[in-house]
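Here's a quick tour for anyone meeting this structure for the first time. Have a look at it, then read on.

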Amino acid sequence: MAEQQRKHTAVSLRGRKGGADKIVALTAYDATMARLLDEGGADVLMVGDSLGMVVQGHATTLPVTVDEICYHGRAVARGTTHAHLVGDLPFMSFQVSPEQALLAAGRLIKEGNFESVKLEGGVVVAEQIHRIVAAGIPVMGHVGLTPQSVHRMGGFRVQGKGEDAALAVLADAQAVEQAGAFAVVVEGVPANLGRRITERLHIPTIGIGAGPDCDGQVLVCYDFLGMVRGFAPKFVKHFAEIGEQIVDATRAYGRAVREGSFPDHAHSFGDAGSGEAPGHTAAGVDKVASYGPGREER
Ligand code: KIV
């Protein structure tokens with residue numbers, strides 16, 4: 001099977017620790033975007049609770065619910081063929097107890113069509129991770145800058161600066177590994193700490209603002225596509241300027257509608273009964289639903 005044809009799993013991703021083949025991860029929140037990112041070769045698609053900020057427009061990730069993660073998970077799963085699907089356990093869906101965490105993780109798998117779950121925290125959530133993994137659900141950890149702790153951190157601040165703080169993040173990452181996680185996201189730490197954690201762990205590290213030495217990288221899809229306006233964290237790089245293209249396209253569409261040049265004949269349907277020639281779409285036929293799933297329901 002060709003490299004980009006395979007289905008990525010928690011087991012195959014775990015096996016890429018330390019290899020040259022870095023793990024390419026992105027967030028996704030809907031089927032259309034998922035289909036494009038999957039076709040582009042993303043190994044992992046995450047429905048992160050970042051959806052609270054970039055989809056719902058909140059200032060933090062805190063309001064997101066398990067139901068919302070599941071809703072977006074089902075959509076992303078319908079658009080995904082090869083990537084491994086990770087669902088985020090949102091704030092207050094797992095912190096209370098291992099039992100609460102297991103019930104929420106189970107819902108993500110059963111109702112969200114996810115293949116693994118991610119949760120924020122280290123030493124304090126090790127029991128939760130252990131309990132979820134014991135039930136057969138792969139877990140991805142998340143240490144360093146953990147956005148669900150925004151108020152404790154005093155904002156979205158780089159973590160692990162200075163040796164004591166660095167050792168605390170390292171201890172969190174090791175606790176996540178010992179609890180049975182198959183990989184861990186390392187967010188918002190100095191690059192040298194990202195390297196130390198990667199060297200110390202036996203599971204892959206997936207960095208976001210953690211320097212170049214992690215075993216993989218993840219970015220929010222709207223960030224790497226240049227669709228988020230305003231402040232961008234230092235670790236965000238635009239690999240396209242889709243935001244500008246959307247604004248330009250909207251202006252062009254608005255001009256065409258206002259001046260009456262759209263829709264023209266080529267984009268209008270004919271009426272067979274009137275003897276008028278049928279309109280032709282780009283596909284050459286009068287076809288109305290061009291964006292249905294056209295695939296098996298998942
Ligand atoms: O919520 C999220 O999207 C995340 C990823 C960026 C790792 O946690």
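## Two residues with positive phi

Let's start with Asn 113, which is partly exposed because 19 other C-beta atoms lie within 10 Å of its own, and being buried takes 20 or more. You'll find Asn 113 in the loop between α5 and β4 (116–118). Its phi is positive, about 60 degrees, even though Asn 113 is not a glycine. Keep in mind that this is a predicted model.

Met 92 makes a good companion: phi is near 70 degrees here, again a positive value in a residue other than glycine. Met 92 sits in the loop between β3 and α5. Is Met 92 buried or exposed? Neither, quite: Met 92 counts as partly exposed, because 14 C-beta neighbours fall inside 10 Å.

## The chain as a whole

Stepping back, the protein chain holds eleven helices and eight strands. It has 298 residues, and 42% of them are buried. Take the contacts in the chain with a separation of 6 or more: 59% of these come from residues 24 or more positions apart.

## Helix α4 and its cover

Now for α4, which runs over residues 66–78. From first C-alpha to last, its 13 residues reach 19 Å, close to the 18 Å expected at 1.5 Å a residue.

Which residues of α4 are buried? They are Val 66, Ile 69, Cys 70, His 72, Gly 73, Ala 75, Val 76 and Ala 77. An α-helix has 3.6 residues a turn, so residues three or four places apart point the same way. The cover over the buried residues of α4 includes helices α2 (31–39), α3 (51–54) and α5 (98–112), along with strands β2 (44–47) and β3 (84–88).

## Helix α8 and its partner α9

Helix α8 has 16 residues and reaches 22 Å between its first and last C-alpha, close to the 22 Å expected at 1.5 Å a residue. Its buried residues are Val 169, Asp 172, Ala 173, Ala 175, Val 176 and Glu 177. Among the elements covering them are α6 (126–134), β5 (139–144), β6 (183–187) and α9. Just after α8 comes Gly 180, with a positive phi of about 115 degrees.

How do α8 and α9 pack together? Helix α8 (residues 163–178) and helix α9 (residues 191–200) meet at an angle of about 35 degrees, and their axes are 10 Å apart. The crossing is right-handed. On the α8 side, the contact involves Ala 166, Val 169, Leu 170, Ala 173 and Gln 174, while α9 brings Leu 193, Arg 196, Ile 197 and Arg 200. Sorted by class, the residues of this contact are six nonpolar, one polar and two charged. Val 169 and Ala 173 turn up both among the buried residues of α8 and in the contact with α9.

## Around the ligand

What surrounds the ligand? The residues around it are Thr 27, Met 46, Gly 48, Asp 49, Ser 50, Asp 88, His 142, Val 185, Ile 208, Val 218 and Val 220. This shell breaks down into five nonpolar, four polar and two charged residues.

## A cis peptide bond

One last stop: the peptide bond from Phe 262 to Pro 263 is cis, with omega near 0 degrees. Pro 263 belongs to the segment after α11 (242–259).

Definitions and conventions: Residues are numbered from 1 along each chain as its sequence is written. This is a predicted model: local features need pLDDT of at least 70, side-chain atom pairs count only at pLDDT 80 or more; totals for chains, interfaces and linings use all residues. Axes are lines fitted to C-alpha atoms, for helices over the stretch in contact, and angles run from 0 to 180 degrees between N-to-C directions. Helices (H or I, at least four residues) and strands (E, at least two) are DSSP runs, numbered from the N terminus. A crossing is left-handed if the near helix is turned anticlockwise from the far one by less than a right angle, and right-handed if clockwise. Two residues are in contact if their C-beta atoms, placed from the backbone, lie within 7 Å. Ala, Val, Leu, Ile, Met, Phe, Trp, Tyr, Cys and Pro count as nonpolar, Asp, Glu, Lys and Arg as charged, and the others, Gly among them, as polar. The expected span of a helix is 1.5 Å times one less than its number of residues. A residue is buried if 20 or more other C-beta atoms lie within 10 Å of its own, exposed if 12 or fewer, and partly exposed in between; C-beta atoms are placed from the backbone. A residue is near a molecule or strand if its C-beta atom, placed from the backbone, lies within 6 Å of it.
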